[in-house]
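I opened this notebook to record what I looked up, entry by entry. The topics are some enclosed spaces and a few helices.

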Amino acid sequence: MNATFIRLQTLKWYDCRMALAVSLCVVGWFAFAPALIADDHAKGYIETPIDEYDRDHWSFFPIRKPEVPKASTKWCQNDIDHFVEHELSAHGLMPQSSASRRTLIRRLSFDLIGLPPTPTEVDAFLSDTRPNAYEKLVDRLLDSPRYGERWAQHWLDLARFAETDGFEHDKLRKEAWKYRDWVIQSLNDDMPYDDFICQQIAGDELYPDDDSARTATRFCLCGPDMPDINLIEERRHSVLNELTSTVGEVLLGLQVGCAQCHDHKYDAISQADFYRMRAIFEPAVPLEKNRSLSTLEESFPFKQPSHLMLRGDFRSPGPEVTPGVIRVVATKLNSYAPNPSKKSAGLRTALANWLTSRDNPLTARVMVNRVWQHHFGSGLVGTPSDFGVMSDEPSHPELLDWLAATFVENHWKLKPLHRLIVMSSTYRQRSRLLEHATPTERTNWEKAIKDDPDATSLSRFPRWRLEGEAIRDAILRVSGKINLKSGGPGVLPPLPKELVSTLLKNQWNVTKDKSEHTRRSIYVFARRNLRYPIFEVFDRPSANTSCSARGSSTTAPQSLHLLNSAFTLSMSKAMAESIAESQESTQPHF
């Protein structure tokens with residue numbers, strides 16, 4: 001009995017030792033295998049050279065300003081219409097007549113400032129018989145400080161802006177709101193887009209004594225982060241990869257992030273291309289444990305070599321790389337050339353200059369397409385952040401290049417571009433057939449619906465939906481409760497009790513000043529792990545990645561929220577009281 005017991009105990013101890021030995025082998029393999037494989041792959045890594053075939057794609061061709069087609073009808077208001085009419089004619093289509101004045105002022109107001117026009121503004125426009133009444137309306141809206149608040153949200157979607165880190169703890173970034181205010185102010189000031197880019201990439205290098213320019217570099221570090229992670233190298237790897245992917249996607253319209261683990265499967269973007277571009281930012285990303293990301297800050301001189309990470313594994317450094325740009329976009333006329341100084345290696349300044357070079361074929365094309373997208377609901381290129389070989393073909397390629405060339409000629413100014421687009425007859429078209437339409441109008445409409453079902457050829461004005469922010473702002477405005485105060489830290493309006501019960505302590509401390517609760521939606525606190533309810537049900541992106549085009553869902557919670565939320569009920573009551581008061585004031589007194 002005792003002997004049997006001893007043998008069993010010995011067997012158990014033997015099994016334990018075997019299990020321990022196997023575990024150590026497995027741990028050892030994961031600890032050392034990446035380095036062994038890295039050495040093996042590094043020796044055999046070969047980067048495929050770029051040839052003319054790789055550059056034989058419409059988005060990589062130099063921007064050439066095409067000749068404007070001649071107009072065949074009196075419908076055309078400006079050069080945009082000439083291109084559109086020419087394209088419609090090629091498909092046997094006719095454009096639609098202009099929308100009513102009431103429709104146009106509503107369309108323009110929501111489009112340019114994100115707010116509905118007031119009854120007084122509508123009446124003034126309807127009664128304005130001057131030939132330039134529409135032009136005056138456009139100029140007034142573009143000059144409004146509300147314009148920057150509207151169009152900044154489009155950029156913040158791209159910049160994956162939030163005021164918290166994300167992940168499990170979702171800690172507060174105390175000064176993140178300054179970047180939001182910088183974007184709003186820059187747009188209101190009509191800062192040239194090339195300078196807008198340069199400051200966000202290299203503001204601290206270009207304007208070392210300007211705090212505003214340093215704030216602009218928050219664009220690069222707006223993404224999610226995990227400050228409490230144990231491995232600082234893993235965190236550095238994740239932050240730099242996300243940063244590089246975003247810069248390529250937003251500014252170049254290329255999915256360069258697909259090349260962080262292997263050469264891009266479709267575009268001529270190698271893994272080395274990705275890590276060369278990443279190396280531009282490596283000296284400027286200061287990471288400190290338990291400290292949230294802020295602005296770029298260059299460590300100079302930066303002596304740590306940059307490496308290609310094999311299979312995207314931070315534990316598998318491959319060949320050493322030097323800072324550089326995407327080769328398929330770079331040419332002899334558009335090369336990357338850092339100019340070091342006593343205080344900086346000039347890496348990011350050189351990148352900014354390369355991005356905004358007149359010889360860069362992508363930057364201007366990508367931006368004018370984004371502007372067009374937000375005026376018409378979709379871009380001339382249907383994939384706004386992918387101009388690679390898998391992208392959609394431009395619906396109007398000559399118009400796209402003409403707009404890009406004109407944009408650069410006008411010193412990269414955005415407001416003249418907006419003005420050009422909204423002044424066109426293309427933008428002023430009807431989006432629906434009226435009951436009293438003539439037989440000719442009805443025939444043209446039916447043919448447009450049949451041959452251009454998605455309005456891709458712009459045979460009519462496409463319908464597009466308002467975002468959650470615009471819906472909330474419209475409710476606030478018509479109720480008379482909107483607070484148009486600008487700037488400052490994000491505001492935290494009350495949340496439904498059911499939602500509050502699911503939150504951690506201090507995740508949503510309601511702003512004490514109740515007048516702040518009715519400020520415009522762009523000033524509502526942007527928590528990465530908790531979207532404000534009305535924004536969430538109407539498809540606001542999570543801010544974990546860059547969003548070039550929001551989703552457009554139709555769900556029951558949207559209707560239920562608008563019908564039953566405490567916010568809607570309180571604003572409806574305020575609107576009813578306002579109407580009652582105005583009626584009383586107009587009643588005769590005896």
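**Entry 1: the second largest cavity**

I sorted the lining of the second largest cavity by class and got 9 nonpolar residues, 3 polar and 1 charged. I note here that the model is a predicted one. I then looked up the volume of this second largest cavity, which is about 130 Å³. Its lining has 13 residues, and those nearest the centre are W151, H154, W155, L187 and M367.

Next I asked which helices each supply at least two residues of this lining. I found α6, α13 (363–376) and α15 (414–422). Helix α6 has the largest share, with 5 residues.

**Entry 2: the largest cavity**

How many cavities of 30 Å³ or more does the structure hold? I have 7 written down. The largest cavity contains about 160 Å³ of space. It is lined by 20 residues, and F161, A526, R540, P541 and A543 are the closest to its centre.

I sorted this lining by class as well: 11 residues are nonpolar, 3 are polar and 6 are charged. Helix α6, residues 145–158, gives the most to the lining of the largest cavity, with 3 residues. I had already met α6 as the helix with the largest share in the second largest cavity.

**Entry 3: helix α14**

I turned to α14, which runs over residues 397–409 and has 13 residues. From first C-alpha to last it reaches 18 Å, close to the expected 18 Å.

Is this helix mostly covered or mostly uncovered? It is mostly covered, with 10 of its 13 residues buried. The buried ones include D401, W402, T406 and F407. I looked for what covers the buried residues of α14 and noted α2 (79–90), α8 (193–206), α13 and α15 among the elements that do. Both α13 and α15 were in my first entry, as suppliers to the lining of the second largest cavity. Just after α14 comes H411, with a positive phi of about 60°.

**Entry 4: helix α18**

My last lookup was α18, residues 468–479, a helix of 12 residues. The distance from its first C-alpha to its last is 17 Å, close to the 16 Å expected.

Why do I call α18 largely enclosed by the rest of the structure? I do so because 10 of its 12 residues are buried. Buried here means under 20% relative accessible area. Among the buried residues I listed E469, R472 and D473, along with I471, I475 and L476. G480 follows α18, and its phi is positive, near 80°.

Key. Residues numbered from 1 in each chain as written. Predicted model: local features only at pLDDT ≥ 70, side-chain atom pairs only at ≥ 80, totals over all residues. Heavy atoms only, no water. Helix = DSSP H or I, 4+ residues; strand = E, 2+ residues; numbered from the N terminus. Expected span 1.5 Å × (residues − 1). Buried < 20%, exposed > 50% of the residue type's maximum accessible area, 1.4 Å probe, protein only. 1 Å grid on protein atoms, 1.4 Å probe; cavity = no way out; pocket = protein on both sides within 12 Å on 5 of 7 lines; lining within 4 Å. Points joined across faces, edges and corners; volume = space filled by probe spheres on them. Nonpolar A, V, L, I, M, F, W, Y, C, P; charged D, E, K, R; others polar. Contact = heavy atoms within 4.5 Å.
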